[in-house]
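Biologist: I'd like a close look at one part of this structure, taken slowly enough for a first-year student. Here is what we have in front of us.

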Amino acid sequence: QVQMVESGGGSVQAGGSLRLSCAASGVPTSVNCMGWFRQAPGKEREGIAAIYAGGMSTNSGTTYYADSVKGRFAISQDNAKNTIYLQMNNLKPEDTAVYYCAAGTLPLGYSDYHATAEEYFDYWGQGTQVTVSS
């Protein structure tokens with residue numbers, strides 16, 4: 001059974017930082033990508049960061065970011081702990097959302113689009129709230 005458990009959400013003032021964690025277990029070996037998505041009130045869920053974990057592939061460890069978070073957020077993974085992280089710096093009120101981690105399988109010849117597209121992610125955490133006040 002796949003379990004993905006996020007932690008680290010909370011409230012912070014604009015300009016502050018938070019680090020989200022996602023502990024994964026039971027993830028199938030077919031999974032080659034881990035990502036972070038978020039859903040703000042009244043908006044659709046969007047992919048914001050992903051890391052390709054394609055084993056011995058030369059692309060393993062490659063990261064992808066939505067333009068809205070590029071330069072402020074950083075995704076990383078600790079394979080020994082089966083955990084991924086999202087370091088969020090210089091937070092803005094528009095970053096307020098429920099943040100989800102997800103695990104998925106990108107197709108061969110994938111592009112940046114696939115790395116943050118919901119339809120390629122099969123396993124999801126329960127979400128953690130991040131609130132940024134001005």
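Biologist: Which residue in strand 3 is the bridge partner of Met-4? Could you walk me through what surrounds that spot?

Modeller: Sure, and keep in mind that this is a predicted model. The bridge partner of Met-4 in strand 3 is Ala-24. That bridge belongs to a bigger pattern: strand 1 pairs with strand 3, which covers residues 18-25, in the antiparallel sense, and five bridges link the two.

Now look at the side chains of strand 1, which runs through residues 3-7. They take turns: Met-4 and Glu-6 point to one face and are buried, whereas Gln-3, Val-5 and Ser-7 point to the other face and aren't buried.

Next, slide along strand 3 to Cys-22, which has a disulfide to Cys-101, with 2.0 Å from S to S. Cys-22 sits in strand 3 while Cys-101 sits in strand 9 (residues 97-104), so this pair ties together parts 79 residues apart in sequence. The link between Cys-22 and Cys-101 is right-handed, with 50° about the S-S bond. How hidden are its two ends? Cys-22 counts as buried because its relative accessibility is 0%, and Cys-101 is buried too, also at 0%.

The structure holds just one disulfide, so what about Cys-33? Its sulfur has its closest cysteine sulfur in Cys-101, but at 12 Å that's too far for a bond, since a disulfide needs the two sulfurs within 2.5 Å. Cys-33 is buried all the same, with a relative accessible area of 0%.

Conventions: Residues numbered from 1 in each chain as written. Predicted model: local features only at pLDDT ≥ 70, side-chain atom pairs only at ≥ 80, totals over all residues. Heavy atoms only, no water. Buried < 20%, exposed > 50% of the residue type's maximum accessible area, 1.4 Å probe, protein only. Helix = DSSP H or I, 4+ residues; strand = E, 2+ residues; numbered from the N terminus. Pairing = 2+ DSSP bridges.
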